[in-house]
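Please open the structure in your viewer, set it to a cartoon representation, and keep the sequence panel at hand. The tour goes from the whole chain to its sheets and then to single side chains.

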Amino acid sequence: TSLAFRAWPNPFNPTVILSYALAAPSRVRVDIFDAGGRLVRSLIDEKREAGCHSLSWNGRNETGAPGAAGIYFARIEALGKTETRKLVLLR
């Protein structure tokens, strides 16, 4: 089973699109972390059907406050695998 995970545009301001393709149905979790490894925001944690999916992140944390410019990491967990993409937020 394969898991394709992409982020564009990158660097981004104000929004990045995170797209992923599932070879089979799976529970999907996508989280955003800051450069220090702290959880900034959970974007999704639910079952998805096989196929192509996308979601966006607007650079804000769980309370809606805008994040500082800098490096972030988007991590996806699905199909028993984990992949991480580096994101650069410009302000």
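Strand β6 covers residues 70-78, and a good place to begin is to select it together with β7, to which it is joined by nine bridges in an antiparallel arrangement. Within this pairing, look for I76, which stands opposite E83 of β7. Please keep in mind throughout that this is a predicted model.

Now widen the selection to the sheet around these two strands, an open sheet of four strands with antiparallel pairing, whose order is β4-β3-β6-β7. At its edges you will find β4, residues 39-48, and β7, residues 81-89, each of which pairs on one side only. If you look along the sheet, neighbouring strands are turned against each other by 15° on average, with direction ignored.

Next, select strand β3, residues 26-34, and follow the eight bridges that join β3 to the antiparallel β4. One position to show here is D31, which has S42 of β4 opposite. These two strands, β3 and β4, form a hairpin with four residues between them, and in the turn G37 has a positive phi of about 85°.

Leave this sheet and select β1, β2 and β5, which form an open sheet of three strands in the order β1-β2-β5, again with antiparallel pairing. Because β1 (3-8) and β5 (51-57) stand at the edges and have a single partner strand each, one side of each is left without a neighbour in the sheet. The twist from one strand to the next averages 15° here. Zoom in on β1 and on strand β2, residues 16-22, which pair in the antiparallel sense over six bridges, and find A4, whose bridge partner in β2 is A21.

Staying in strand β2, select S19. Is S19 buried or exposed? Its relative accessible area is 17%, and since buried means under 20%, S19 counts as buried. If you display the surroundings of S19 and leave aside neighbours within four places in sequence, the residues in contact with S19 are A4, F5, R6, W8, H53 and S54.

The next stop concerns aromatic side chains, so show the rings as sticks. A pair of aromatic rings is described by the distance of the centres and the angle of the planes. The structure holds two aromatic pairs. In one of them, W57 and Y72 have ring centres 5.2 Å apart and planes at 65°, so the pair is edge-to-face. This pair links distant parts of the chain, with W57 in strand β5 and Y72 in strand β6, 15 residues apart. Both W57 and Y72 are buried, and if you add F12 to the selection you have one aromatic cluster formed by F12, W57 and Y72.

Finally, zoom out to the whole chain, which contains seven strands and zero helices. The C-alpha trace spans about 35 × 20 × 20 Å along its principal axes. The radius of gyration is 13 Å, which agrees with the value near 12 Å that a compact globule of 91 residues would have. Colouring by burial would show that 33% of the 91 residues count as buried, while the accessible surface comes to about 5000 Å², with 51% of it belonging to carbon and sulfur atoms. Among the contacts with a separation of 6 or more, 51% are between residues 24 or more positions apart.

Conventions: Residues numbered from 1 in each chain as written. Predicted model: local features only at pLDDT ≥ 70, side-chain atom pairs only at ≥ 80, totals over all residues. Heavy atoms only, no water. Pairing = 2+ DSSP bridges. Axes fitted to C-alpha atoms, helices over the stretch in contact; angles between N-to-C directions. Rg over C-alpha atoms; globule rule 2.2 N^0.38 Å. Buried < 20%, exposed > 50% of the residue type's maximum accessible area, 1.4 Å probe, protein only. Contact = heavy atoms within 4.5 Å. Areas by Shrake-Rupley, 256 points an atom, 1.4 Å probe, with all protein chains shown as cover. Phe/Tyr/Trp six-rings, centres within 6.5 Å; stacked < 30°, edge-to-face > 60°.
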